Amino acid sequence: MDEKKMSKGYVCVYEYNEQLAAELKCLFFNAPTEEWVDFVMKNRTERDYTHKYDIVYGPVANDRVYAAFALYEGGLINKEILISELKAYRLVDQYLFHTKEALKTLTFIEAKEITL
């Protein structure tokens, strides 16, 4: 691949309107909990899993987190140990916008060019 093409990208900046979101079905996970583990596992293991939420907020299940989930899924650790382990990680949170209504809570501000 051409190195020049890989040396720049774009970050889009949006403003999130919490007042509009208050009218929607939202699910918030502020930390790894049993409910969060169950939600993530359903998304990982149930084909065509759907839920009723417009917006979901919570910790990102990145590669490191998925390694811990794999131990749980394989029965090598239980849910309490998984949660304890994940609370020791520095987790990053994310918003997930699942419906057209959820996307209406966002207003595009700008696209910033990023050069590496």
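**Exercise 1. Is phenylalanine 69 buried or exposed, and which ring does it pair with?**

Solution.
- Step 1. Take the accessibility of phenylalanine 69: its relative accessible area is 0%. The cut-offs are under 20% for buried, over 50% for exposed, and partly exposed in between (1.4 Å probe, protein chains only). Phenylalanine 69 is therefore buried.
- Step 2. Find the partner. The structure holds 10 aromatic pairs. Rings of Phe, Tyr and Trp (its six-membered ring) pair if their centres lie within 6.5 Å; planes under 30 degrees apart are stacked, over 60 edge-to-face, and the rest tilted. Tryptophan 36 and phenylalanine 69 form an edge-to-face pair, with 5.6 Å centre to centre and 65° between the planes.
- Step 3. Place both rings. Tryptophan 36 lies in helix H3 and phenylalanine 69 in helix H4 (residues 63-73), so the pair ties together parts that are 33 residues apart in sequence. Helices (H or I, at least four residues) and strands (E, at least two) are DSSP runs, numbered from the N terminus.
- Step 4. Check tryptophan 36. This residue is buried too, at a relative accessible area of 2%.

**Ground rules.** This is a predicted model, in which local features need pLDDT of at least 70 and side-chain atom pairs count only at pLDDT 80 or more, while totals for chains, interfaces and linings use all residues. Residues are numbered from 1 along each chain as its sequence is written, and side-chain values use heavy atoms, with hydrogens and water left out.

**Exercise 2. Where is confidence lowest in the protein chain, and where is it highest?**

Solution.
- Step 1. Start with the chain. Its average pLDDT (the predictor's confidence in each residue, from 0 to 100) is 90, and 96% of the residues score at least 70.
- Step 2. Go to the extremes. Helix H1 (residues 3-6) is lowest, at a mean of 60. Helix H6 (residues 100-103) is highest, at 98.

**Exercise 3. What is the geometry of the pair of phenylalanine 29 and phenylalanine 39?**

Solution.
- Step 1. Read distance and angle. The centres are 5.8 Å apart and the planes make 45°. The pair is tilted.
- Step 2. Locate the partners. Phenylalanine 29 sits in the loop between strand S2 (26-28) and helix H3 (34-45), and phenylalanine 39 sits in helix H3, so the pair links parts that are 10 residues apart in sequence.
- Step 3. Check burial. Both phenylalanine 29 and phenylalanine 39 are buried.
- Step 4. Look for a cluster. Tyr16, Phe28, Tyr57, Tyr95 and Phe97 form one aromatic cluster.

**Exercise 4. At what angles does H3 pack with H4 and cross H5?**

Solution.
- Step 1. Fix the convention. Axes are lines fitted to C-alpha atoms, for helices over the stretch in contact, and angles run from 0 to 180 degrees between N-to-C directions.
- Step 2. Take H3 and H4. They pack at about 85°, with their axes 12 Å apart. That makes H3 roughly perpendicular to H4. The classes are under 35 degrees for roughly parallel, over 145 for roughly antiparallel, 65 to 115 for roughly perpendicular, and oblique for the rest.
- Step 3. List some contacts (heavy atoms within 4.5 Å). Residues of H3 including Trp36, Val40 and Arg44 meet residues of H4, among them Tyr66, Phe69 and Tyr72.
- Step 4. Take H3 and helix H5 (residues 79-88). Their axes come within 10 Å and cross at roughly 100°. H3 is thus roughly perpendicular to H5.
- Step 5. List the residues. Glu34, Trp36, Val37 and Asp38 in H3 meet Lys79, Glu80, Leu82, Ile83 and Leu86 in H5.

**Exercise 5. What surrounds threonine 105?**

Solution.
- Step 1. Locate threonine 105: the loop between H6 and strand S5 (106-115).
- Step 2. Check burial. At a relative accessible area of 0%, threonine 105 is buried.
- Step 3. Find a polar atom. The backbone oxygen of alanine 102 lies 2.6 Å from a polar atom of the threonine 105 side chain.
- Step 4. Collect contacts. Leaving aside neighbours within four places in sequence, threonine 105 is in contact with residues including Glu15, Tyr16, Leu20, Ile55 and Phe97.
- Step 5. Add glutamate 18. Its C-alpha atom is 7.2 Å from that of threonine 105, although 87 residues separate them along the chain. Glutamate 18 lies in helix H2 (residues 18-21) and is exposed, at a relative accessible area of 60%.

**Exercise 6. Which sign does the phi of aspartate 48 have?**

Solution.
- Step 1. Recall the background. Most residues other than glycine have a negative phi.
- Step 2. Read the value. Aspartate 48 is not a glycine, yet its phi is positive, at about 60°.
- Step 3. Place it. Aspartate 48 lies in the loop between H3 and strand S3 (55-59) and is exposed, with a relative accessible area of 67%.

Key
A polar contact is a pair of N or O atoms within 3.5 Å; within protein, one must be able to donate a hydrogen and the other to accept it, and residues adjacent in sequence count only if both atoms are side-chain atoms.
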